[in-house]
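Trainee: Before I use any of the labels attached to this model, I would like to understand how each one was earned. Could we go through them one at a time, setting each value against its criterion?

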Amino acid sequence: MLDLFKAIGLGLMLILPLANPLTTVALFLGLSGNMSPAERHRQAMMTSFYVFAIMLVTYYAGQLVMDTFGISIPGLRIAGGLIVAFIGFRMLFPLPKGMESSSIAEQESANNIAFVPLAMPSTAGPGTIAMIISSASTVKHGINFPDWVLWIAPPAIFIIIALILWGCLRSSGTIMRIVGTGGIEAISRLMGFLLVCMGVQFLINGILEIIVSRT
């Protein structure tokens with residue numbers, strides 16, 4: 001059991017700083033200001049489930065999927081950067097009230113923020129995916145843990161991360177009640193600007209990786 005706890009602790013130390021649930025909470029605050037408490041709770045649950053599923057699939061089949069479709073880590077970073085920057089622009093420059101969609105179906109689609117951008121690329125982003133794929137490759141080439149630990153530890157790590165994220169997102173309701181509508185709008189604009197910066201940085205990192213790999 002000590003080996004299992006060591007493996008889980010090591011995995012959390014590697015992945016949690018990259019997943020950074022606090023950043024996802026700030027983004028969640030900016031995107032869910034108009035949602036009801038029940039809808040925010042549903043989005044928090046769905047986000048946690050998606051993060052767990054993405055990490056689990058990435059660990060066991062991430063490299064295979066990327067090789068099959070010819071996707072590189074720099075390509076993943078650039079695609080993630082474009083998505084993040086697009087969402088950031090929409091938060092920074094929201095549509096005027098008269099231009100917002102009145103369709104129920106379109107409104108539900110707009111409120112569905114669990115997978116994009118909360119789960120991916122905010123939590124399970126390019127850096128997290130790259131770390132998981134690298135860790136899976138290291139495990140396959142041998143590591144000083146029993147086989148049963150290597151079977152149990154990865155799902156346990158991903159479940160713990162998902163639970164931490166869920167707890168952080170659920171606590172965002174308290175923050176919303178404290179800061180009020182004006183505060184949420186200010187947070188939304190600030191997070192929009194930061195997301196644009198993050199998206200541009202993702203693009204720069206991806207392009208630099210391509211240049212370095214070609215030299």
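Mentor: Let us start with the word cavity, which stands for a set of grid points where a 1.4 Å probe fits but cannot get out. Please keep in mind throughout that this is a predicted model.

Trainee: How many cavities of 30 Å³ or more does a search of the whole structure find?

Mentor: The search of the whole structure returns 1 cavity of 30 Å³ or more, and the space in the largest cavity comes to about 30 Å³. Its lining is made up of Leu-27, Val-84, Ile-87, Pro-117, Ser-122, Leu-195 and Met-198, with helix H4 (73-92), helix H6 (114-123) and helix H9 (172-214) each supplying at least two residues.

Trainee: What classes do the residues of that lining fall into?

Mentor: The lining of the largest cavity divides into 6 nonpolar residues, 1 polar residue and no charged ones. Leu, Val, Ile, Pro and Met count as nonpolar, whereas Ser is not on the nonpolar or charged lists and therefore counts as polar.

Trainee: What makes the second largest pocket a pocket and not a cavity?

Mentor: A pocket is an open set of points with protein on both sides within 12 Å along at least five of seven lines, whereas the probe cannot get out of a cavity. The second largest pocket holds about 310 Å³ of space and is lined by 18 residues, with Ala-7, Gly-11, Ser-135, Val-139 and Ile-157 nearest its centre. Helix H1 (2-19), helix H7 (126-140) and H8 each supply at least two lining residues, and the largest share, 6 residues, comes from H8. By class, this lining has 15 nonpolar, 3 polar and no charged residues.

Trainee: Which residues form the nonpolar patch on the surface, and what makes Tyr-60 count as partly exposed?

Mentor: The nonpolar patch consists of Met-1, Phe-5, Tyr-60, Trp-148, Trp-151 and Ile-152, which together have about 750 Å² of accessible area. Helix H8 (residues 147-170) gives the most to this patch, with 3 residues, while Tyr-60 belongs to helix H3 (residues 37-68). The relative accessibility of Tyr-60 is 42%, and partly exposed covers values between the buried limit of 20% and the exposed limit of 50%, so Tyr-60 is partly exposed.

Trainee: Why is Val-212 called exposed?

Mentor: Exposed requires over 50% relative accessible area, and Val-212 has 57%, so the label follows. Val-212 is located in helix H9, and its C-alpha atom is separated by 39 Å from that of Trp-148, the two residues being 64 apart along the chain.

Trainee: How do you know that Glu-39 and Arg-42 form a salt bridge?

Mentor: The criterion asks for a side-chain nitrogen of Lys or Arg within 4 Å of a carboxyl oxygen of Asp or Glu. The closest N and O atoms of Glu-39 and Arg-42 are 3.0 Å apart, so the pair qualifies as a salt bridge. Both residues lie in helix H3, 3 residues apart, about one turn of the helix. Glu-39 counts as buried because its 19% relative accessibility is under 20%, whereas Arg-42, with 42%, is partly exposed.

Trainee: Which other pair meets in a salt bridge, given that the structure holds 2 salt bridges?

Mentor: The side chains of Glu-209 and Arg-77 meet at 2.6 Å, N to O, in a salt bridge. This pair links distant parts of the chain, with Glu-209 in helix H9 and Arg-77 in helix H4, 132 residues apart. Glu-209 is partly exposed at 28%, while Arg-77, at 18%, counts as buried.

Trainee: What makes the backbone at Asn-20, Pro-117 and Pro-121 worth a remark?

Mentor: Most residues other than glycine have a negative phi, and most peptide bonds are trans. Asn-20 is not a glycine, yet has a positive phi of about 50°; Asn-20 sits in the loop between H1 and helix H2 (21-31), partly exposed at 31% relative accessibility. A cis peptide bond joins Val-116 to Pro-117, with omega about 10°, and another cis bond joins Met-120 to Pro-121, with omega also about 10°. Pro-117 is placed in helix H6, and Pro-121 lies in helix H6 too.

Notes
Residues numbered from 1 in each chain as written. Predicted model: local features only at pLDDT ≥ 70, side-chain atom pairs only at ≥ 80, totals over all residues. Heavy atoms only, no water. Patch = residues over 30% accessible without salt bridge, like charges linked within 9 Å, V, L, I, M, F, W, Y side chains within 5 Å. Areas by Shrake-Rupley, 256 points an atom, 1.4 Å probe, with all protein chains shown as cover. Helix = DSSP H or I, 4+ residues; strand = E, 2+ residues; numbered from the N terminus. Buried < 20%, exposed > 50% of the residue type's maximum accessible area, 1.4 Å probe, protein only. 1 Å grid on protein atoms, 1.4 Å probe; cavity = no way out; pocket = protein on both sides within 12 Å on 5 of 7 lines; lining within 4 Å. Points joined across faces, edges and corners; volume = space filled by probe spheres on them.
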